[in-house]
Amino acid sequence: MPTDIFSEFRLNGLTLKNRLGVAPMTRMSSVADSIPRQDVLDFLVRRAERGAALVFTEAIVTDYESAQGYPGQARLLTQRQIEAWKTVTDDIRSHGSLSIMQMFHCGRVAWPEVNPAGRIIAPSSVIPRQDNPLTGKPYPVPDEMSVFDIQHVIQGFVETAKGAVAAGFDGVEIHGAHGYLINQYLSQYSNHRTDAYGGALENRYRFAHEVITAVRAMVPTDRLLTFRISDWGIVDPDVSLFETREEWQNLIKRLSAEPIDAISLSTYDFQAHGFGTNQTICRLTRDVTDLPLMICGKIHDRSTAEAALQDADMVLSGKSILLNPDFVEDVRAGKALPLHRSGEANIAYTEEPLL
């Protein structure tokens, strides 16, 4: 029987009022003190008010040194930042919705001028093939991370998770997708190391495991810990970051053994087949895990949401819910809704107030 979009869903003891959520979206709206503009914070609250059961933050960078990849990104490390987000989490909760803070380190997808330390670090000294779309120039060659760097970066994830707990978030998400630092370790495309963090998947997975273990210790068991994963990167998007179905499913099995509450799958198109099979990425994932699955990627109306829920438990919307304040109710009503192009979502990166 198909999952009802508007049925409740229990996740680690917490109740989601329906199966629709606001996807995490990278933004560049922090004009001062690494706190997003008020209209960006208000946007998240409004989506909860208008029916979204789960609201993710934009991706929060994890330190004041090497994590930042874009201008104007948010952090959650100081009391002032915590207080700004505390108002948001309280307001989201008042509308019967849950909030999750997503955090990440950009790794090699950065340039020195946006990082306080003026330094780029990555698993290996390998740059993307694609030029930086914001500078029009090649990405700088990153420093290959030492073991000291690795431990230092993990501590940034820990401190940011502490900030999220203090700010009242219902959960924390570790961003291991889109070719950012954790994903750079997971993929042979960007990880050319020959030490304990490179080579076989068991080694390439080590950094992700250490981040999850350290963060889980900071996140109370009555709050959520989720992990986001993808087979594509924000740069060099034509490259499959994992080589085979077997490699992907091995990764999912490893994640399933971790103390996490859900896996979030980011796809270009939730209906596309993966790794030369006749199955979707979500189906390939569901085949090897019992963990709850969230999914996004060209889910823009009731019919696509219902189709996505054949294998997933929650649907996350990016462009559609960004551009349409009434998305949840329009889905409920079965309205004909457009499939938006990426360029239409550029409002997220301008000074124009969000709806």
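**Exercise 1. The second largest pocket**

Describe how the residues lining the second largest pocket of this predicted model divide by chemical class, and then add the volume and the residues at the centre.

*Solution.* The lining of the second largest pocket divides into eight nonpolar, six polar and three charged residues. The next step is the volume, and the space in this second largest pocket comes to about 230 Å³. The last step is to place the lining, which is made up of 17 residues, with Asp 231, Trp 232, Tyr 268, His 273 and Ile 281 lying nearest the centre of the pocket.

**Exercise 2. The enclosed space**

Determine how many cavities of 30 Å³ or more a search of the whole structure finds, and characterise the lining of the largest cavity.

*Solution.* The search of the whole structure yields one cavity of 30 Å³ or more. The largest cavity holds about 80 Å³ of space. Turning to its walls, 14 residues line the largest cavity, and those nearest its centre are Arg 108, Gly 179, Tyr 189, Val 235 and Leu 241. By class, the lining of the largest cavity consists of five nonpolar, seven polar and two charged residues.

**Exercise 3. A charged side chain in a loop**

Establish whether Arg 193 counts as buried or exposed, and identify what its side chain reaches.

*Solution.* Begin with the location: Arg 193 belongs to the loop between α4 (181-186) and α5 (201-204). Because a residue under 20% relative accessible area is classed as buried, Arg 193, at 5% relative accessibility, counts as buried. Next consider the polar partner, which is the backbone oxygen of Pro 123, reached by the side chain of Arg 193 at 2.9 Å. Finally, with neighbours within four places in sequence left aside, the contacts of Arg 193 include Ala 122, Pro 123, Ser 124, Glu 144 and Tyr 185.

**Exercise 4. Helix α3**

Compare the reach of helix α3 with the expected value, and list residues of α3 that are buried.

*Solution.* Helix α3, covering residues 147-166, has 20 residues and spans 29 Å from its first C-alpha to its last, which is close to the 28 Å expected at 1.5 Å a residue. Among the buried residues of α3 are Asp 149, Ile 150, Val 153, Phe 157, Thr 160 and Val 165. To finish, look past the end of the helix, where α3 is followed by Gly 168, a residue with a positive phi near 90°.

**Exercise 5. Two positive phi values**

Find the phi values of Asp 33 and Ser 34, and decide for each residue how far it is buried or exposed.

*Solution.* As background, most residues other than glycine have a negative phi. Asp 33, however, has a positive phi near 60°, and Ser 34 has a positive phi near 55°. Asp 33 is placed in the loop between β4 (30-32) and β5 (35-36), and Ser 34 also lies in the loop between β4 and β5. In terms of accessibility, Asp 33 is partly exposed, with a relative accessible area of 33%, whereas Ser 34 is buried, with a relative accessible area of 9%.

**Exercise 6. The surroundings of His 175**

Locate His 175 in the secondary structure and describe its surroundings.

*Solution.* His 175 is part of strand β11, residues 171-175, and its relative accessibility of 2% makes it buried. A polar atom of the His 175 side chain lies 3.3 Å from the backbone nitrogen of Ala 177. Beyond neighbours within four places in sequence, His 175 is in contact with residues including Ala 59, Gln 102, Phe 104, Tyr 180 and Arg 228.

Conventions:
Residues are numbered from 1 along each chain as its sequence is written. This is a predicted model: local features need pLDDT of at least 70, side-chain atom pairs count only at pLDDT 80 or more; totals for chains, interfaces and linings use all residues. Side-chain values use heavy atoms; hydrogens and water are left out. Helices (H or I, at least four residues) and strands (E, at least two) are DSSP runs, numbered from the N terminus. Buried means under 20% relative accessible area, exposed over 50%, partly exposed in between (1.4 Å probe, protein chains only). A polar contact is a pair of N or O atoms within 3.5 Å; within protein, one must be able to donate a hydrogen and the other to accept it, and residues adjacent in sequence count only if both atoms are side-chain atoms. Contact means heavy atoms within 4.5 Å. On a 1 Å grid over the protein atoms alone, a cavity is a set of points where a 1.4 Å probe fits but cannot get out, and a pocket is an open set with protein on both sides within 12 Å along at least five of seven lines; lining residues have an atom within 4 Å of a point. Grid points are joined across faces, edges and corners, and a volume is the space filled by probe spheres set on the points. Ala, Val, Leu, Ile, Met, Phe, Trp, Tyr, Cys and Pro count as nonpolar, Asp, Glu, Lys and Arg as charged, and the others, Gly among them, as polar. The expected span of a helix is 1.5 Å times one less than its number of residues.
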